[in-house]
Amino acid sequence: MTTKPKAEKAPETDEPIKIEVDGIELTVDPNTLDDMDYMETLAEVDSGNASAFPAALRGLVGDDGYTAIREHMVATHGRFPVTEGVQMFHRVIEEVKAKNS
């Protein structure tokens with residue numbers, strides 16, 4: 001007997017989700033996580049292609065959100081550390097899930 005993979009919950013709304021992470025106000029399109037092209041980007045990250053990570057973060061929070069995160073990281077650390085970017089990505093995902101549940 002085979003089991004079906006468990007899918008993420010479909011977005012409840014098409015309205016942008018407004019969140020705040022580390023004092024940065026971000027807007028996330030809830031349909032991003034239900035987009036096959038975006039899933040391909042995440043698959044690249046998951047397969048170990050670290051160079052795809054900025055595209056994954058930018059795809060999630062948009063150009064303005066990515067710029068705000070980058071500016072915050074540079075102001076805080078003097079650069080945009082990869083480890084901080086990865087942690088931010090996970091915090092954004094958690095906030096989106098919390099707002100979408």
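Here's a quick tour of this protein chain, from its overall make-up down to a few single residues.

What you're looking at is a predicted model. The protein chain has 3 helices and 2 strands, and starting at the N terminus its elements come in the order β-β-α-α-α. The two strands form a hairpin, while helix 1 and helix 2 pack against each other.

**The chain overall**

- The protein chain is 101 residues long, and 27% of them count as buried.
- About 7,000 Å² of the chain is exposed, with 50% of that coming from carbon and sulfur atoms.
- Take the contacts between residues at least 6 apart in sequence: 52% of these link residues at least 24 apart.

**The hairpin of strand 1 and strand 2**

- Strand 1 covers residues 17-21, and it runs antiparallel to strand 2, with 5 bridges joining the pair.
- Want to see the pairing up close? Ile19 has Leu26 in strand 2 as its bridge partner, and Lys18 sits opposite Thr27, also in strand 2.
- Strand 1 has two faces: Ile17, Ile19 and Val21 are on the covered one, and Lys18 and Glu20 are on the uncovered one.
- Strand 2, at residues 24-28, has two faces as well, with Ile24, Leu26 and Val28 on the covered face and Glu25 and Thr27 on the uncovered face.
- Put the pairs and faces together, and Ile19 and its partner Leu26 both belong to covered faces, whereas Lys18 and Thr27 both belong to uncovered ones.

**The turn at Asp22**

- There are 2 residues between the strands of the hairpin, and Asp22 lies in that loop.
- Most residues other than glycine have a negative phi.
- Asp22 isn't a glycine, yet its phi is positive, at about 55°.
- Is Asp22 buried or partly exposed? Its relative accessible area is 42%, so Asp22 counts as partly exposed.

**Thr32, on the way to helix 1**

- Thr32 belongs to the loop between strand 2 and helix 1.
- This threonine has a relative accessibility of just 10%, and because the cut-off for buried is under 20%, Thr32 counts as buried.
- Which residues does Thr32 touch, leaving aside those up to four places away in sequence? They are Tyr38, Gly59 and Leu60.
- Those three turn up again where the helices meet: Tyr38 is on the helix 1 side of that contact, and Gly59 and Leu60 are on the helix 2 side.

**Helix 1 against helix 2**

- Helix 1 spans residues 36-46 and helix 2 spans residues 53-77; they pack at an angle of about 145°, and their axes are 9 Å apart.
- The two helices cross in a left-handed way.
- From helix 1, Tyr38, Thr41, Leu42 and Val45 make the contact, and they meet Phe53, Ala55, Ala56, Gly59 and Leu60 from helix 2.
- Sorted by type, the residues of this contact come to 7 nonpolar, 2 polar and no charged.

**Ala43, also in helix 1**

- Ala43 is another residue of helix 1.
- With a relative accessibility of 44%, Ala43 falls between the cut-offs of 20% and 50%, so Ala43 is partly exposed.
- Ala43 and Ala56 are 13 residues apart along the chain, and 9.6 Å separates their C-alpha atoms.
- Ala56, for its part, is one of the helix 2 residues in the contact with helix 1.

Key:
Residues numbered from 1 in each chain as written. Predicted model: local features only at pLDDT ≥ 70, side-chain atom pairs only at ≥ 80, totals over all residues. Heavy atoms only, no water. Buried < 20%, exposed > 50% of the residue type's maximum accessible area, 1.4 Å probe, protein only. Helix = DSSP H or I, 4+ residues; strand = E, 2+ residues; numbered from the N terminus. Pairing = 2+ DSSP bridges. Axes fitted to C-alpha atoms, helices over the stretch in contact; angles between N-to-C directions. Left-handed = near helix turned anticlockwise from the far one by under 90°. Contact = heavy atoms within 4.5 Å. Nonpolar A, V, L, I, M, F, W, Y, C, P; charged D, E, K, R; others polar. Areas by Shrake-Rupley, 256 points an atom, 1.4 Å probe, with all protein chains shown as cover.
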